[in-house]
Amino acid sequence: MHIRVLGSSAGGGFPQWNCNCPNCDGFRRGTLKARARTQSSIAVSANGTDWLLVNASPDILTQIRDNPELQPARAIRDSGIAAALLIDAQIDHVTGLLMLRERQTPLPLLATPEVLSDLSDGFPITRILSHFCGVSTHALAIDGRTLPVPGLPDVQLQCVSLSSKPPPYSPFRGNPRPGDNIGLVITNPLNGQRVFYAPGLGEVTPALLELMATCSVVLVDGTFWTNDEMQRMGLHSKTATDLGHLPQSGPGGMVEQLDRLPAHIRKILIHINNTNPMLVEDSDERAELTAHGIEVAHDGMDIVF
């Protein structure tokens with residue numbers, strides 16, 4: 001089983017188009033040791049040809065170009081993307097669906113009923129696509145059952161409801177529902193190894209930590225280093241937790257939570273905001289992560305399990 005990280009940044013990418021924070025400014029000036037990143041998305045395949053797109057970022061066309069496996073060229077018009085799955089309805093995870101409108105058949109789209117409701121009402125992408133290729137929706141259950149993926153019979157998934165927030169346009173922004181944000185457990189049926197994927201994660205509960213401990217890889221929320229990161233820079237009035245993300249540092253932060261997992265588990269952070277100092281490869285924050293055995297995802301990273 002193969003996971004390709006298509007995009008590893010949070011919304012806006014890195015560097016962000018309108019941002020002159022120390023990270024973005026330093027990257028443009030060439031004074032920082034860091035990699036450019038597109039917005040968060042992964043692709044999953046069991047055969048290297050047919051792929052499940054997990055989150056459709058606004059950078060999807062760039063990501064397809066940079067990952068030729070997604071364009072196998074078996075016909076005059078072709079795509080390796082057999083289906084798409086959404087873990088939430090955030091703009092930086094769904095806007096790329098509009099770029100796939102030239103499909104000649106409806107796009108199989110997997111999401112919870114809560115996410116599908118937001119995408120048919122608050123941000124009506126499914127209605128827009130009905131005028132182009134259309135979508136074939138498949139509602140995801142969050143009860144732990146193994147779920148089939150259209151066109152990808154060897155990919156096994158389970159969904160788990162997470163503590164986070166629906167997008168700002170959702171009528172449920174202030175009253176989150178189970179299913180607004182999910183994590184995925186992706187299982188290789190040949191060897192039983194599992195990957196847990198959760199780019200948006202506001203809280204690590206004991207039950208979730210227990211689930212993560214059964215996986216060989218955890219690929220989780222790395223958005224902010226500190227809770228007040230955006231506030232200190234004058235970029236936002238809200239904290240990381242206000243925005244639905246558990247910061248890496250501080251008591252109860254992601255680093256502390258990942259330290260509770262068995263040492264053999266591979267731990268990787270994804271969905272990294274442009275302000276996060278761990279983007280700088282020779283920073284103290286990156287060194288701290290390395291000391292804790294935690295990796296930082298980058299575009300093009302491969303995870304084989």
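**Cores, backbone and buried spots**

User: Which residues have the most contacts inside the largest nonpolar core?

Analyst: The largest nonpolar core has 33 residues. A nonpolar core is a set of buried Ala, Val, Leu, Ile, Met, Phe, Trp, Tyr and Cys residues joined through side-chain atoms within 4.5 Å, with buried meaning under 20% relative accessible area, exposed over 50%, and partly exposed in between (1.4 Å probe, protein chains only). The ones with the most contacts inside this core are Ile42, Val44, Leu52, Val54, Leu85 and Leu184.

User: Before we go on, what kind of model is this?

Analyst: Residues are numbered from 1 along each chain as its sequence is written, and side-chain values use heavy atoms, with hydrogens and water left out. Local features need pLDDT of at least 70, side-chain atom pairs count only at pLDDT 80 or more, totals for chains, interfaces and linings use all residues, and the model itself is predicted.

User: Back to Leu85: which residues is it in contact with, leaving aside neighbours within four places in sequence?

Analyst: Leu85 is one of the residues with the most contacts inside the largest core. Contact here means heavy atoms within 4.5 Å. Skipping the neighbours within four places in sequence, the partners of Leu85 are Leu52, Leu53, Val54, Asn55, Leu110, Leu140, Leu157 and Leu184.

User: How many residues does the other core have?

Analyst: That core lies apart from the largest one. Cys21, Phe196, Trp225 and Leu261 are among its members. Its size is 32 residues.

User: Asn55 turned up as a partner of Leu85; is Asn55 buried or exposed?

Analyst: Asn55 sits in the loop between β3 (51-54) and α2; helices (H or I, at least four residues) and strands (E, at least two) are DSSP runs, numbered from the N terminus. Asn55 has a positive phi of about 75°, although it isn't a glycine. Because its relative accessibility is 0%, Asn55 counts as buried.

User: And is Ala73 buried or exposed?

Analyst: Ala73 isn't a glycine either, yet its phi is positive, at about 55°. You'll find Ala73 in the loop between α2 and β4. Its relative accessibility is 56%, so Ala73 counts as exposed.

User: What is the omega of the peptide bond from Phe14 to Pro15?

Analyst: Pro15 is in the loop between β1 (2-7) and α1 (22-29). The bond from Phe14 to Pro15 is cis, and its omega is near -5°.

User: What do the buried residues of α4 pack against?

Analyst: Helix α4 covers residues 113-120, and Glu114, Val115, Leu116, Asp118 and Leu119 are buried there. Follow those buried residues outward in the structure and you meet their packing partners: α3, β5 (107-111), α5 (125-129) and β6 (135-139).

User: Which residues is Ser170 in contact with, leaving aside its neighbours within four places in sequence?

Analyst: Look for Ser170 in the loop between β7 (156-161) and β8 (182-187). Ser170 counts as buried because its relative accessibility is 5%. One of its partners is a buried residue of helix α4. With neighbours within four places left out, Ser170 is in contact with Asp118 and Arg177.
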